[in-house]
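Please consider the fold set out here, beginning with its sheets and ending with its loops. The explanation proceeds from one element to the next.

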Amino acid sequence: MSTYIFPPAPQAAVAVRGTDARYAVSRIFCVGRNYAAHAREMGSDPTREPPFYFTKPASALAPSGGTIPYAPGTKNLHYEMELVIAIGKPVFKATPEQAGDAVWGYAAGLDMTRRDLQNEAKAIGRPWDLGKGFEHSAVITELVPRDQIGELSRGAITLSVNGTEKQRGDLSDMIWSVPELVANLSQFYHLQPGDLIYTGTPEGVGPVQPGDQIVGVIEGFGELHLTIGAAE
């Protein structure tokens, strides 16, 4: 029997709608620039090149409905409203048709971003980890199983801050669909149950301040609530 120098960290997990069961999370993949209008607002050309990815640690998860502190080390904390995919079976080097069947469920999520640190990293060709992979940066609602809502290929995705709408798009605007994203990512990783994929955000990303109230909605299945707390 193994012993540990320090107690292992608690298992990161996400609630599942309608059940006491939870979805254990091992990895969080995030897709960069998957909506053309957002790509343009970030200064990129939204041609249909292969998608690219960054990651967040599972410890970055934060449940919808709570308060997160204003992130340390930044003066420009941004929201990015996204559809989240939960993988439900092993998938490797799959076609889009095979990949779609590996999706177990969906959630609404926020990719919180220290935009100033991300921009500094971009400017000198460094990784985005400080800008993206910090505590409380992967906000998520409860998961809804795919067999309850079917395939998600369209539906409004919106976000408001203090009652003012900031983001509005449609899942049909994604450059790469859910099956295409899973298939592409499976060319590089053995995807497994426990893997989450944040699928990119529409245009309208922007800063938040302590005290702000965020509400994000994906039509028909997911509503996210978050309060930005004081800086630690």
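The paragraphs below treat the sheets, a helix, a pocket and several loop residues in turn. The model is a predicted one.

The five-stranded sheet offers a starting point. Its strands follow the order β6-β18-β17-β13-β14, the sheet is open, and its pairing is mixed. At the edges lie β6 (67-70) and β14 (164-170), each of which pairs on one side only. Direction ignored, neighbouring strands of this sheet are turned by 20° against each other on average.

Reading across the sheet from β6, one meets β18 (residues 222-231), which runs parallel to β6 and is joined to it by four bridges. Within this pairing, I68 stands opposite I228 of β18, and P69 has G229 of β18 as its bridge partner. The next pairing, between β17 (residues 213-218) and β18, is antiparallel and extends over six bridges. Here V215 is matched with H225 of β18 as its bridge partner. The two strands form a hairpin with three residues between them, in which G220 takes a positive phi near 90°.

On its way to the other edge, the sheet passes through β13. This strand pairs with β17 in the antiparallel sense over five bridges, and V161 stands opposite I214 in β17. With β14 the pairing of β13 is likewise described as antiparallel, over six bridges; the bridge partner of A156 in this case is D170 of β14. The hairpin of β13 and β14 has two residues between the strands, and N162 in this hairpin takes a positive phi near 55°.

How is β13 (residues 156-161) placed with respect to the rest of the structure? Six of its six residues are buried, so the strand is largely enclosed by what surrounds it. Both faces are covered: A156, T158 and S160 are buried on one side, and I157, L159 and V161 are buried on the other.

A second open sheet comprises three strands in the order β10-β7-β16, with antiparallel pairing. Its edge strands are β10 (113-114) and β16 (206-207), each pairing on one side only. Strand β7 (residues 77-79) pairs with β10 in the antiparallel sense over two bridges, and L77 has R114 of β10 as its bridge partner.

Among the helices, α6 (residues 178-185) merits attention for its burial. Six of its eight residues are buried, so this helix is largely enclosed by the rest of the structure. The buried residues are V178, L181, V182, A183, N184 and L185. Which elements take part in covering them? They include the strands β3 (27-32), β4, β8 (81-87), β9 (103-111) and β15 (195-198), together with the helix α2 (96-100).

From these enclosed elements the description turns to empty space. The second largest pocket holds about 160 Å³. Its lining consists of A12, A13, V14, A15, R22, L61, A62, P63, S64, I140, T141 and E142. The elements that contribute two or more residues to this lining are β1 (13-15) and β5. By residue character, the lining divides into eight nonpolar, two polar and two charged residues.

The loop that leads into β5 provides a further point of interest. S59 is located between β4 (52-56) and β5 (61-63). Its relative accessibility is 58%, a value over the 50% limit, and S59 therefore counts as exposed. Although S59 and F134 are 75 residues apart in sequence, their C-alpha atoms are 8.4 Å apart in space.

Two other loop residues call for comment on their backbone geometry. Most residues other than glycine have a negative phi. K93, which is not a glycine, nevertheless has a positive phi of about 50°. This residue, K93, belongs to the loop between β8 and α2. With a relative accessible area of 54%, K93 is exposed. H136 is also not a glycine and has a positive phi of about 65°. The loop that holds H136 lies between α4 (129-132) and β11 (138-140). Is H136 buried, partly exposed or exposed? Its relative accessible area is 30%, which means that H136 is partly exposed.

Terms used. Residues are numbered from 1 along each chain as its sequence is written. This is a predicted model: local features need pLDDT of at least 70, side-chain atom pairs count only at pLDDT 80 or more; totals for chains, interfaces and linings use all residues. Side-chain values use heavy atoms; hydrogens and water are left out. Two strands pair if DSSP finds at least two bridges between them. Axes are lines fitted to C-alpha atoms, for helices over the stretch in contact, and angles run from 0 to 180 degrees between N-to-C directions. Buried means under 20% relative accessible area, exposed over 50%, partly exposed in between (1.4 Å probe, protein chains only). Contact means heavy atoms within 4.5 Å. On a 1 Å grid over the protein atoms alone, a cavity is a set of points where a 1.4 Å probe fits but cannot get out, and a pocket is an open set with protein on both sides within 12 Å along at least five of seven lines; lining residues have an atom within 4 Å of a point. Grid points are joined across faces, edges and corners, and a volume is the space filled by probe spheres set on the points. Ala, Val, Leu, Ile, Met, Phe, Trp, Tyr, Cys and Pro count as nonpolar, Asp, Glu, Lys and Arg as charged, and the others, Gly among them, as polar.
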